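User: I'd like to go through this model with you and ask, for each label, what justifies it. Could you show it to me?

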Amino acid sequence: MSNAGAAPHHRSGSPADSYALDREAALAFLTNLASEVSRGTVDLPCFPNVVLRISLVLADPKTTTERVVTIVGAEPLLSAKILQTANSAAFNTSGKPVAELKSAITRLGQQMVHGVAMAYAMQTARSESVLKSITPQLTELWNRSITVASLCQLTARRTKLNPDVAFLTGLLHGIGKLYIMVRAVTGNVGVAGGDVSWLEMVAGWHASIGKTVLENWGFSQELCDAVGDQTDFERRWRHTPSLTDVLIAGTVLADALLMPKPRSVGNHAANAFISIGMTPANCGELLAEAQAQIRLVHEALA
């Protein structure tokens with residue numbers, strides 16, 4: 001990478017000069033990062049390689065369960081995570097425990113296995129000492145990802161879209177933020193992790209960078225497009241809802257959950273809800289249902 005990855009050299013002058021220099025360095029970093037991933041170079045330190053291998057394998061429609069078992073089985077901690085998730089209250093609706101990895105993968109399905117693998121990777125990265133300075137931001141991102149994923153799954157059940165694909169999309173909607181934050185820390189970029197101006201800049205870049213990262217990892221184009229268009233709140237309503245509509249609804253509903261009761265959903269993404277066929281009353285019902293589901297998913301992936 002260019003000098004954008006290095007800490008800026010502060011010069012003497014007014015605080016405004018220092019702020020402008022930091023902002024200039026941050027903008028150069030984000031621009032170079034976007035260019036880098038668009039060329040197919042995706043480098044995410046602290047992310048387990050086994051998860052990326054799983055992503056590439058699951059991108060192949062001819063992949064068999066046996067092939068997935070072989071790759072997952074090579075990573076004991078991930079295998080244990082998948083077994084734990086398959087036996088959790090959130091995913092074991094039959095109440096019958098499974099003890100074999102193949103049975104766990106069959107129960108969860110490939111989309112959910114992919115989701116568990118990505119959750120495992122996010123948690124692994126969060127525990128790395130080199131990322132200690134942004135642990136609060138990573139924890140906040142993790143919690144929001146679980147919330148958005150659960151809301152997307154519940155929303156998709158009101159449509160003909162695959163709820164498990166919607167869950168995975170919600171879980172990965174913040175991968176661009178994760179990528180930017182990790183690369184900023186490991187590249188020693190001179191910006192504060194919690195600085196308001198830096199967070200605003202990340203908010204403007206994370207969707208497009210996240211889309212490109214996921215494309216490089218072999219995720220479906222539908223999922224990648226949804227992540228890339230998640231902030232397109234003014235998109236026109238459609239007779240047939242898309243995964244993008246579900247993700248937009250999921251993020252807006254996640255914001256509503258942070259509000260005190262009685263909660264209300266903003267109308268800035270009204271067309272996405274119209275496409276899905278959800279009314280304000282429907283949103284209230286879904287939010288009430290979601291809280292228990294989010295708690296169960298947190299317990300399953302903890």
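User: Which residues is His114 in contact with, leaving aside its neighbours within four places in sequence?

Analyst: Happy to start there, with the reminder that this is a predicted model. With those sequence neighbours set aside, His114 is in contact with Ser55, Leu58, Leu168 and Phe219. Each of these has heavy atoms within 4.5 Å of His114, which is what the word contact asks for. His114 itself is found in helix α5.

User: Why is His114 called buried?

Analyst: The cut-off for buried is under 20% relative accessible area. His114 has 6% relative accessibility, so the label buried applies.

User: How do you know how many disulfides the structure holds?

Analyst: A disulfide needs two cysteine sulfur atoms within 2.5 Å, and the structure holds 0 of them. Take Cys152: the nearest cysteine sulfur is that of Cys283, 13 Å away, so Cys152 is in no disulfide. Seen from the other side, Cys283 has the sulfur of Cys152 as its nearest, again at 13 Å, and is in no disulfide either.

User: Are those two cysteines buried or exposed?

Analyst: Cys152 is at 1% relative accessibility and therefore counts as buried. Cys283 is at 4%, and buried is the right word there too.

User: What makes Lys102 and Glu66 a salt bridge?

Analyst: The limit is 4 Å between a side-chain nitrogen of Lys or Arg and a carboxyl oxygen of Asp or Glu. For Lys102 and Glu66 the closest N and O atoms are 2.8 Å apart, so the pair qualifies. The pair links distant parts of the chain, with Lys102 in helix α5 (residues 101–126) and Glu66 in helix α3 (residues 65–73), 36 residues apart. A search of the whole structure finds 6 salt bridges, and this is one of them.

User: Why are Lys102 and Glu66 called partly exposed?

Analyst: Partly exposed covers the range between the buried limit of 20% and the exposed limit of 50%. Lys102 has 41% relative accessibility and Glu66 has 44%, so both belong to that class.

User: What makes Lys211 and Asp225 a salt bridge?

Analyst: Their side chains meet at 3.3 Å, N to O, and the 4 Å limit is therefore satisfied. Lys211 sits in helix α9 (residues 196–216) and Asp225 in helix α10 (residues 221–228), so this pair, too, links distant parts of the chain, 14 residues apart. Lys211, with a relative accessible area of 24%, is partly exposed, and so is Asp225, with 25%.

User: What does the salt bridge between Asp245 and Arg235 tie together?

Analyst: The closest N and O atoms of Asp245 and Arg235 are 2.9 Å apart. Asp245 lies in helix α11 (residues 243–257) and Arg235 in the loop between α10 and α11, so the bridge ties together parts that are 10 residues apart in sequence.

User: Are Asp245 and Arg235 buried or exposed?

Analyst: Asp245 has 0% relative accessibility and Arg235 has 8%. Set against the limit of under 20%, both are therefore buried.

User: What makes up the lining of the largest pocket?

Analyst: The volume of this pocket is about 480 Å³. Its lining has 17 residues, and the closest to the centre are Gln137, Glu140, Leu141, Arg144 and Lys177. By class, the lining divides into 8 nonpolar, 5 polar and 4 charged residues. At least two residues come from each of α6 (135–156), α8 (175–186), α9 and α11, and α6 gives the most, with 6 residues.

User: How do you know where empty space is left?

Analyst: Rolling a probe the size of a water molecule over the atoms shows it. A cavity is space where the probe fits but cannot get out. The search finds 1 cavity of 30 Å³ or more, and the largest cavity has a volume of about 50 Å³.

User: Which residues line the largest cavity?

Analyst: The lining consists of Met122, Arg126, Leu138, Leu141, Trp142 and Leu178. Two or more residues come from each of α5 and α6, with the largest share, 3 residues, from α6. By class there are 5 nonpolar, no polar and 1 charged residues.

Notes
Residues are numbered from 1 along each chain as its sequence is written. This is a predicted model: local features need pLDDT of at least 70, side-chain atom pairs count only at pLDDT 80 or more; totals for chains, interfaces and linings use all residues. Side-chain values use heavy atoms; hydrogens and water are left out. Buried means under 20% relative accessible area, exposed over 50%, partly exposed in between (1.4 Å probe, protein chains only). Helices (H or I, at least four residues) and strands (E, at least two) are DSSP runs, numbered from the N terminus. On a 1 Å grid over the protein atoms alone, a cavity is a set of points where a 1.4 Å probe fits but cannot get out, and a pocket is an open set with protein on both sides within 12 Å along at least five of seven lines; lining residues have an atom within 4 Å of a point. Grid points are joined across faces, edges and corners, and a volume is the space filled by probe spheres set on the points. Ala, Val, Leu, Ile, Met, Phe, Trp, Tyr, Cys and Pro count as nonpolar, Asp, Glu, Lys and Arg as charged, and the others, Gly among them, as polar.
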